Amino acid sequence: EQRFHLPHLTDVYADAMSYPSTFCLRMRTPVNEDFADGYPSDEKWHGYINNNDRVLLKVIRYSSPTSAGAECIDPNCTWVEQWVHRAGPREKIYYKPENVKAAIVTCGGLCPGLNDVIRQIVITLEIYGVKNIVGIPFGYRGFGKELAEMPLSRKVVQNVHLSGGSLLGVSRGGPNVSEIVDSMEERGINMLFVLGGNGTHAGANAIHDECRKRQLKVAVVGVPKTIDNDILLMDKTFGFDTAVEEAQRAINSAYIEAHSAYRGIGIVKLMGRSSGFIAMQASLASGQIDVCLIPEVPFHLHGPHGVLRHLKYLLETKGSAVVCVAEGAGQNFLEKTNAKDASGNIVFGDIGVHIQQETKKYFKDIGDPADVKYIDPTYMIRACRANASDGILCTVLGQNAVHGAFAGYSGITVGICNTHYVYLPIPEVISYPKVLDPNSRMWHRCLTSTGQPDFV
Ligand code: ATP
Ligand code: MG
């Protein structure tokens, strides 16, 4: 077994030594390894998934290491395969349903689809025969003493997906990992389903480690919740599709406002702390954006090649303009406050407001004012109900989270990779956020669509 060091896969092994190279993401240790044979699963899941099943994550074949969009891991190798573990029900399970107490917790910010995932986890647990299912209220905070757990059943969750938000409530901050595990021990929780972003998953991973340290037979399974779609290796995360669809509505309103005004400029700020996927996709989908600004691509506002000069040109030639900016873009223009939220995340300055003010000032200073309107649809988007495509994604992820726990896996998260549903070890997917590649074909398609120049 030859080990390779890859920049973005920390624990991989080569299945084959010859080219094409093959890499596989290792699963975390099953939690009940002392019951090596497991119990036969009573349920009929219309076929089981073998533990050795793999999903091909990607095969890229490039004719030269410099091909556009090609990610060259080894310059001597032009063909790389990466494999991950297939998700789904296993024939042998490592918990007796009557001994399970399952808990679900949702942390971080809201994202369309949270209720859909909660609902499917509860329904699937009940099909396995689990009777004791609880919701932890308000994120990890709910592990404190003062908040009571919420009993969950199919009856309770039947219609929760019809509205946005989280039935359980969300929060940032809360007790430390050791206190959380103390509380889980006290409550007798042996399956924990954690819905949240990178912070929540870091927490879930730490809870998994602490449970292993204390030799508790607890399965900790995550479902990645990030509206920004910034999780490594995954095709997309739930809520992203809905966010793009809703963002389009905000862009359309900004377009109508700008188009109907004399020298109108619309500015829309969208989510995306470190990656501009929502801004790019919404710009591509709407076809109404003239300037798309994302965290991955530096830009100037002022100067001969700045955004403002381009807006002047657009007003002269088209009469109006619409700008879409991701929240993490252009943070270098804003004064650093060092403010942090309860989870320790840096609070960003408002780039949307900054661009609005600079735009107003610029056109006033040149003696030809513009009518600038700013829309920040963030909270309207986050609170939406999941659309059809996200509803389906949530359903499959929720079901697979439960199958993963029953299969005895812990410290894992579920996702969709290369159109297949898979289990991934948490540390591999949260080591850093997935960002948009400014050299990718998709970003260049976006630039072609907006017609914007480089702003540097
Ligand atoms: P969002 O995408 O909405 O920001 P998130 O999961 O990243 O979601 P955070 O507020 O960063 O949201 O974290 C959620 C929870 O995870 C908080 O309760 C926080 O205390 C906890 N948490 C964050 N980072 C860690 C960590 N490194 N170890 C343990 N717990 C953590
Ligand atoms: Mg986060």
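Here are a few notes on spots worth a look in this predicted model.

1. Start with Asp290, which sits in the loop between helix H6 (277-286) and strand S13 (291-293). Is Asp290 buried or exposed? With a relative accessible area of 7%, Asp290 is buried, because the cut-off for buried is under 20%.

2. What does the side chain of Asp290 reach? One partner is the side chain of Lys318, in a polar contact at 2.4 Å. Another is the backbone nitrogen of Val322, at 2.8 Å. Leaving aside residues up to four places away in sequence, Asp290 touches a longer list of residues, including His310, Leu314, Ser320, Thr450 and Gln452.

3. Next, go to Tyr423 in strand S17 (residues 420-425). Tyr423 is buried, and its relative accessible area is 0%. A polar atom of the Tyr423 side chain lies 2.7 Å from the backbone oxygen of Asn400. If you want a sense of how the chain folds back, try Ile118: Tyr423 and Ile118 are 305 residues apart in sequence, with 18 Å between their C-alpha atoms.

4. Now the helices H7 (residues 307-317) and H8 (residues 351-365): their axes come within 10 Å and cross at roughly 65°. The crossing is right-handed. On the H7 side the contact is made by Leu308, Arg309, Leu311, Lys312 and Leu315, and on the H8 side by Glu358, Thr359, Tyr362 and Phe363. Sorted by class, that gives 5 nonpolar, 1 polar and 3 charged residues.

5. On to the aromatics, where the structure holds 6 pairs. In one of them, Tyr128 and Phe406 have ring centres 3.9 Å apart and planes at 10°, so this pair is stacked. The two rings come from distant parts of the chain, with Tyr128 in helix H1 (residues 114-128) and Phe406 in helix H10 (residues 388-406), 278 residues apart. Both ends are buried: Tyr128 at 4% relative accessibility and Phe406 at 0%.

6. Phe299 and Phe333 pair up edge-to-face, with 5.3 Å from centre to centre and 65° between the planes. Phe299 is in the loop between S13 and H7, while Phe333 is in the loop between strand S14 (320-326) and H8, 34 residues apart. Phe299 is buried at 6% relative accessibility, whereas Phe333 is partly exposed, at 27%.

7. Which residues do ring pairs link into a cluster? They are Trp45, Tyr95, Tyr128 and Phe406, so the stacked pair from point 5 belongs to this cluster.

Terms used
Residues are numbered from 1 along each chain as its sequence is written. Chains are lettered from A and ligands numbered from 1 in the order in which they are written. This is a predicted model: local features need pLDDT of at least 70, side-chain atom pairs count only at pLDDT 80 or more; totals for chains, interfaces and linings use all residues. Side-chain values use heavy atoms; hydrogens and water are left out. Helices (H or I, at least four residues) and strands (E, at least two) are DSSP runs, numbered from the N terminus. Buried means under 20% relative accessible area, exposed over 50%, partly exposed in between (1.4 Å probe, protein chains only). A polar contact is a pair of N or O atoms within 3.5 Å; within protein, one must be able to donate a hydrogen and the other to accept it, and residues adjacent in sequence count only if both atoms are side-chain atoms. Contact means heavy atoms within 4.5 Å. Axes are lines fitted to C-alpha atoms, for helices over the stretch in contact, and angles run from 0 to 180 degrees between N-to-C directions. A crossing is left-handed if the near helix is turned anticlockwise from the far one by less than a right angle, and right-handed if clockwise. Ala, Val, Leu, Ile, Met, Phe, Trp, Tyr, Cys and Pro count as nonpolar, Asp, Glu, Lys and Arg as charged, and the others, Gly among them, as polar. Rings of Phe, Tyr and Trp (its six-membered ring) pair if their centres lie within 6.5 Å; planes under 30 degrees apart count as stacked, over 60 as edge-to-face and the rest as tilted.
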